[in-house]
Amino acid sequence: MTLAEAAARADELAESGAAQDLAALRAEWDDELEAAARSADFRERALAFRAIGLFRWRAKEELLRRGLDDGSPAARGSALLSLELLSRDHPSTVNSVRPLLHKMVADEDENSAVRRLAVMALKNGSAQRETVVLVEGLATDDDADGDLRRAAGSVAQALKQKAQEKR
């Protein structure tokens, strides 16, 4: 079995609620995933960062933080996909890397797909004013990519609604 196959299996186990089988699979793939995340090949790093999310591996969140700083857009994108998945039920996952996500969104990442994924990850964090202002500004930025503007507008609305529900 390859890491990609193991990650797909882990996703199936997580979806079905087979926690013990998932834990066993994590233990079996721990060293291989760590090695792949440190590989010189960006494809292996991207696969490792994506696998962290599919394995629902919260203990590897620090590895994802490093993935957000990776030189490869594919690796950064994979880390963001996993971050978004892990943060659906745990906003602290996004909140802990919010400043880095803000930097990625605020045009410091040259890849528009990576910026869009960073915007989508922010949706799962708490509705902080700075984040809402940032994504609202991006939603109205005529120089930004259309898909990015639409994603930012959608996330701004979701965060505003989340803030309203808290009150």
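Visitor: Which side chain does Ser-39's side chain make a polar contact with?
Guide: That of Glu-44, at 3.2 Å. A polar contact is a pair of N or O atoms within 3.5 Å; within protein, one must be able to donate a hydrogen and the other to accept it, and residues adjacent in sequence count only if both atoms are side-chain atoms. This is a predicted model, where local features need pLDDT of at least 70, side-chain atom pairs need 80 or more, and totals for chains, interfaces and linings use all residues. Numbering starts from 1 along each chain as its sequence is written, and side-chain values use heavy atoms, without hydrogens or water.

Visitor: Where is Ser-39?
Guide: In the loop between α2 (19-37) and α3. Helices here are DSSP runs of H or I, at least four residues, numbered from the N terminus.

Visitor: Is Ser-39 buried or exposed?
Guide: Buried, because its relative accessible area is 14% (buried is under 20%, with a 1.4 Å probe, protein chains only).

Visitor: What is Ser-39 in contact with, beyond four places in sequence?
Guide: Glu-44 and Arg-45. Contact means heavy atoms within 4.5 Å.

Visitor: New topic. How do the axes of α8 and α9 cross?
Guide: At roughly 140°, coming within 11 Å. Helix α8 is residues 112-122, and α9 is 129-139. The two are therefore oblique to each other (35 to 65 or 115 to 145 degrees).

Visitor: Which residues make that contact?
Guide: Arg-115, Val-119 and Leu-122 of α8, with Thr-131, Val-135 and Leu-138 of α9.

Visitor: What's the mean pLDDT?
Guide: 93 for the chain, on the predictor's 0 to 100 confidence scale for each residue. Helix α7 (98-108) has the lowest mean among the elements, 88, and α3 (42-54) the highest, 97.

Conventions:
Buried means under 20% relative accessible area, exposed over 50%, partly exposed in between (1.4 Å probe, protein chains only). Axes are lines fitted to C-alpha atoms, for helices over the stretch in contact, and angles run from 0 to 180 degrees between N-to-C directions.
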